[in-house]
Each structure stands twice: as structure tokens, then as C-alpha cells.
Amino acid sequence: MMSVAYDFAHSPATEFMARPQHLLIDGRRVPSSSGRTFKSLNPATGQIIATIAEGGEADVEIAVAAARRAFEGPWRTMRASERGRILMRWAELLKLNAEEIIELESIDAGKPIAATTRQDFPAAVDTLTYYAGWADKISGDVVPVREDALTYTVREPVGVVAAIVPWNFPLMIGMWKLAPALACGCTIVMKPAELTSLSALRIAEFALEAGLPAGVFNVVTGPGRVVGDALVNHPDVDKVTFTGSPGVGRGIMKGAASNFKRVSLELGGKSANVIFDDADLEAASKAAASGIFFNAGQVCSAGSRVLVQERAYDEVVERLAARAKSIRIGDPLDRNTALGPVISEKQMKSILDYVEIGQKEGARLVTGGERVGDRGYFISPTVFADVAHEMRVSQEEIFGPVVSVIKFTDEADALRIANGTAYSLAAGVWSRDIGKLQRFAKRARAGTVWMNTYGYTDVRLPWGGERDSGLGREHGTAALDNFTEPKAVWMNLAV
Ligand code: NAD
């Protein structure tokens with residue numbers, strides 16, 4: 001039986017958690033205007049790990065005003081190269097304090113520390129240094145139109161940005177929003193998810209230490225329906241960048257209409273990982289297992305539907321089940337742990353409900369589907385076989401370690417099923433036939449397609465989807481477009 005430590009060893013991370021967690025507005029840590037606080041729990045034990053200021057509308061008001069002043073003042077007017085240097089110094093400070101940040105994120109989000117060390121943290125730093133490098137390379141064009149005029153474009157920062165962040169990758173997804181917005185000269189009010197506010201508060205302190213002027217990056221913690229809503233409806237916020245559920249995303253689009261805020265939304269998926277019978281079944285099954293069980297399935301691009309061609313079906317189900325059974329579940333702070341808890345009791349119940357729904361719909365529960373232990377929110381890796389495309393477990397995002405294995409006959413059938421949900425974020429395809437791979441990639445409704453691999457993201461490549469998966473793209477130059485507006489300038493040369 002796994003064991004999870006109740007008492008943490010003393011460390012910079014636990015020292016930080018023990019501090020009262022105030023808001024960070026205009027360069028200062030301040031309690032919320034109401035004085036109210038809420039508790040943050042360790043998902044591995046259910047114990048309270050921090051007391052956090054519960055922001056409200058009044059705090060959003062103050063934070064947006066600070067962000068506006070910082071935008072008009074030091075940040076947009078600073079030399080672009082200096083902005084880049086500050087961001088680079090921030091990245092250096094994060095690296096110097098890597099151990100603390102990694103531990104904090106692992107405890108707060110219940111993430112296996114090996115994964116946070118290998119993936120979340122380096123990806124966050126890579127995102128920051130990538131956009132720090134962009135800060136002084138965001139330029140317009142001279143566009144010749146007529147002989148008697150000089151016509152050119154400049155790219156200007158959009159202004160004050162509200163960044164609303166989910167709990168599954170608080171540090172990494174937070175940085176996906178922060179780094180490009182700041183590099184472009186925007187200022188930010190960030191609202192972390194209530195369940196995972198700690199890393200944002202800590203890295204904001206390092207940003208100040210690196211020389212980020214007061215008010216450029218503010219953090220207002222608190223409930224989404226209060227703080228998030230106030231930001232989305234605020235007349236002086238110019239853009240909202242959001243990652244989370246389609247329901248909240250829809251509300252954000254409506255709220256943003258009030259002053260025509262720019263909006264980008266990343267809303268998750270029900271991604272298909274398609275395995276043809278000529279594929280390397282060992283490699284495909286291995287990637288399919290990590291594609292769904294990584295981060296306990298709480299990944300927007302999780303390969304939650306594994307589509308397998310008839311002849312290979314039984315073998316892949318068997319291999320997936322064997323891998324599911326061998327995954328080491330346990331304390332996120334143990335370096336050998338591969339699967340930690342899901343984020344909350346509510347999320348655990350919702351996932352276990354889906355396990356019941358799947359069985360009632362007639363899917364075959366091959367392995368898993370149970371709570372592990374009686375404290376914390378652990379669920380055993382779950383494999384459903386004989387899943388029909390129309391079932392709810394094949395159509396709805398479960399956001400847990402639950403995979404539905406679906407049988408298909410040929411290329412057309414694979415595409416019909418792969419494209420047959422409301423989502424379109426990502427897809428994987430496995431075959432030794434290059435034509436098959438390319439035909440699938442061309443027709444897949446997905447913002448990213450992986451061929452003979454699964455799950456990679458990189459800040460240099462666009463990331464996002466359409467329909468219930470959202471609107472717009474993050475990463476690469478797409479993010480520079482998100483946080484700047486082009487301006488056309490005409491100069492009459494005839495006077
Ligand atoms: P959510 O959409 O409610 O939360 C995401 C963020 O939005 C949080 O910071 C939250 O505080 C904020 N928020 C909530 N209500 C808001 C509002 N009215 N206005 C503005 N901001 C608001 O997601 P959740 O409830 O934490 O998780 C529910 C489901 O969402 C999950 O089961 C999963 O399916 C999906 N999800 C997807 C992703 C992703 O990476 N795309 C991440 C987290 C959750």
C-alpha cells in the first residue's frame with residue numbers, strides 16, 4: 001500500500017506555504033480588501049497547506065488600475081531590449097530557485113515531482129527565455145503602396161491582459177500566457193485557479209526581484225465566478241487569455257463582448273490516438289498509456305480515446321491494461337511515483353461517476369476504476385474496452401486517468417470516429433504506411449497531429465484548437481499576434 005507523508009520536511013517551499021498568502025498588486029503583497037481568505041489543500045492527503053487571500057471585485061479594480069498605470073508608464077515605454085533583459089533575469093532567478101518552485105508545484109497540484117522536474121518546470125523556463133528573446137524583435141513592415149507616401153506598420157501591445165489559469169499545469173500554462181504578453185509590452189492581472197494559486201504567487205515575487213516594475217504582473221487569487229468574472233467584464237481590460245472548461249469559456253466570450261475585448265481560449269479535448277494494425281504496437285501502446293495516464297489524465301490533449309484497428313484491437317487492450325496495472329501510484333514527492341492524485345475530491349467524484357456511466361452504457365471495465373486508499377484523491381489507471389463511439393465516455397472530457405478503447409475498421413472509419421466529438425485539439429496516428437499517416441493528418445480536425453508519437457508540445461509550435469477546444473492559438477509567433485495590434489501609418493511625402 002502506498003504511503004504519503006503528512007509532515008513535510010522543512011524546505012524553502014514549506015516555508016513559503018506557511019506564510020499568509022496575500023494578493024500581489026502593484027508590486028506589494030496585500031490582504032484582500034474584504035480580509036477574507038480560503039484554504040488550499042494538498043490533493044495527496046486532503047490536508048490544508050496554505051491560507052490564501054480571497055480577492056473580490058474591489059481587488060480587481062485596484063489591480064487593473066495598477067496594471068493600466070504600469071502599461072502607460074514604465075513597461076510599454078521601456079526599451080524593448082531592456083524588457084527582454086528583465087525577463088531573462090527572471091528566468092535565471094527561477095532556475096536558481098528551481099527546487100523550491102518544483103516542490104511547491106508538486107505539493108500544491110499533486111504532481112509527481114519527477115514529472116514536474118522533467119516537464120513542467122523546464123517548459124515554463126523555456127517559454128520565458130523564448131519570449132524574452134522575442135521582446136526586441138517584434139517589428140512591423142514597410143509596405144510600398146504609392147510613390148508619394150511612406151506606408152508602414154508597427155505592432156503595438158494590446159494593453160492590460162487578464163490571464164485566467166487552470167489547475168492542471170498552473171506554472172507552465174501560466175507562463176504560456178505571461179511570457180508572450182510581457183514580451184509584447186502588455187501588463188497582466190493573473191487569476192490562478194483556486195486549487196493551485198501558490199506557484200503564481202511565488203514566481204511573481206521572483207519577477208519583482210528580477211526588476212519587473214510594480215504593476216506589470218499582478219496576481220489576484222480567489223473564486224473564478226467572482227475574480228475571473230470581474231476581470232472578464234472590466235471595461236479597462238483589453239484582452240482575456242483563458243485555459244479551462246468550455247462552459248466557462250463560453251461565458252468569457254459573452255462577458256468580453258461588453259467592450260470587445262480580444263479573447264483567446266484553450267478549452268480541452270477528447271483527443272483520439274489512432275493505431276492502425278500495421279503500426280509498431282509495442283511503441284504505440286506505450287505512448288497511448290503515457291498519453292492518458294500522464295498527470296493523472298488531467299491534460300487538455302490527453303489521448304482519452306484510443307482507436308484501434310480490428311486486427312490489433314485485443315493485443316492493444318491487453319498491452320494497455322498491463323501498463324495501467326504496472327504504473328506506480330503514490331506520494332507526489334517520491335521521485336519514483338508516476339501517478340499522483342487527481343486535483344480535488346470533486347474531480348475524483350466526477351471521474352468515478354464516469355466509470356459508473358461507462359459500465360452502465362455497456363463498456364467493459366478491463367482494469368482500474370477505483371479510488372486508491374482512503375485519503376487524498378487517488379484513482380487507479382482505468383481502461384475501458386468495447387467502447388462505442390456514441391457512449392458518453394467516448395464523447396465527454398473526463399479529465400482523469402480513464403481511457404476508452406474503440407475499435408475501427410478502415411481509414412474512413414478511423415477518421416469518422418476521430419473527428420466525431422465536439423472537440424478538436426489534438427490527435428495521434430500510428431502506422432508504418434506514410435500515405436496513411438499523411439491522409440489522416442490532412443483530414444483530422446485537430447490543432448496538432450502527432451505521427452508515431454504522442455503528447456509533445458513546444459513553445460515554438462502553435463497550440464490550440466477549434467469548436468469546443470477553443471479559439472485562437474498560443475505559442476510561437478501566434479502568441480505575439482495575440483498580444484499586439486498592428487497599426488498602419490501613412491506619411492505624405494509630397495508636402
Ligand atoms: P474551470 O473552467 O471552471 O476553471 C478554469 C479557470 O477559470 C480557473 O481559474 C477558475 O477559477 C476560472 N473560472 C471559473 N469560473 C469563472 C468565471 N465565471 N469567469 C472567469 N473565470 C472563471 O475548470 P474547472 O471547474 O476547474 O474544471 C472543470 C473541467 O474543465 C475539467 O474537468 C476539465 O474538463 C476542464 N479543464 C480543462 C483544462 C484545459 O487544460 N483545457 C484545464 C482545467 C480544466
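By class, the residues lining the largest cavity comprise eight nonpolar, five polar and three charged ones, where Ala, Val, Leu, Ile, Met, Phe, Trp, Tyr, Cys and Pro count as nonpolar, Asp, Glu, Lys and Arg as charged, and the others, Gly among them, as polar. The model is a predicted one, in which local features need pLDDT of at least 70 and side-chain atom pairs count only at pLDDT 80 or more, while totals for chains, interfaces and linings use all residues. Residues are numbered from 1 along each chain as its sequence is written, and side-chain values use heavy atoms, with hydrogens and water left out.

The volume of this largest cavity is about 80 Å³. Among its 16 lining residues, A272, R305, A418, A426 and R445 are the closest to the centre. A cavity here is a set of points, on a 1 Å grid over the protein atoms alone, where a 1.4 Å probe fits but cannot get out, and lining residues have an atom within 4 Å of a point. Grid points are joined across faces, edges and corners, and the volume is the space filled by probe spheres set on the points. In total, the structure holds six cavities of 30 Å³ or more. The second largest encloses about 60 Å³, and of its 13 lining residues G297, A302, S304, E397 and F399 lie nearest the centre. Its lining is made up of seven nonpolar, five polar and one charged residues.

E397 appears again at the ligand, where V165, W167, E194, S245 and E397 come nearest of the 25 surrounding residues (a heavy atom within 4 Å). This shell contains 11 nonpolar, eight polar and six charged residues. Helix α8 (224-232) and strand β9 (239-243) each supply at least two of them, with α8 giving the most, four residues; helices (H or I, at least four residues) and strands (E, at least two) are DSSP runs numbered from the N terminus. Polar contacts (N or O atoms within 3.5 Å) reach ligand oxygen atoms from the side chains of W167 at 2.4 Å, E194 at 2.6 Å and S245 at 2.6 Å. The protein covers 84% of the 810 Å² of accessible area that the ligand has on its own (Shrake-Rupley method, 1.4 Å probe).

Turning to charged pairs, the structure holds 37 salt bridges (a side-chain nitrogen of Lys or Arg within 4 Å of a carboxyl oxygen of Asp or Glu). One of them joins E205 and R29, at 2.3 Å from N to O. This pair links distant parts of the chain, with E205 in helix α7 (residues 198-210) and R29 in strand β2 (residues 28-30), 176 residues apart.

Technical notes
A polar contact is a pair of N or O atoms within 3.5 Å; within protein, one must be able to donate a hydrogen and the other to accept it, and residues adjacent in sequence count only if both atoms are side-chain atoms. On a 1 Å grid over the protein atoms alone, a cavity is a set of points where a 1.4 Å probe fits but cannot get out, and a pocket is an open set with protein on both sides within 12 Å along at least five of seven lines; lining residues have an atom within 4 Å of a point.
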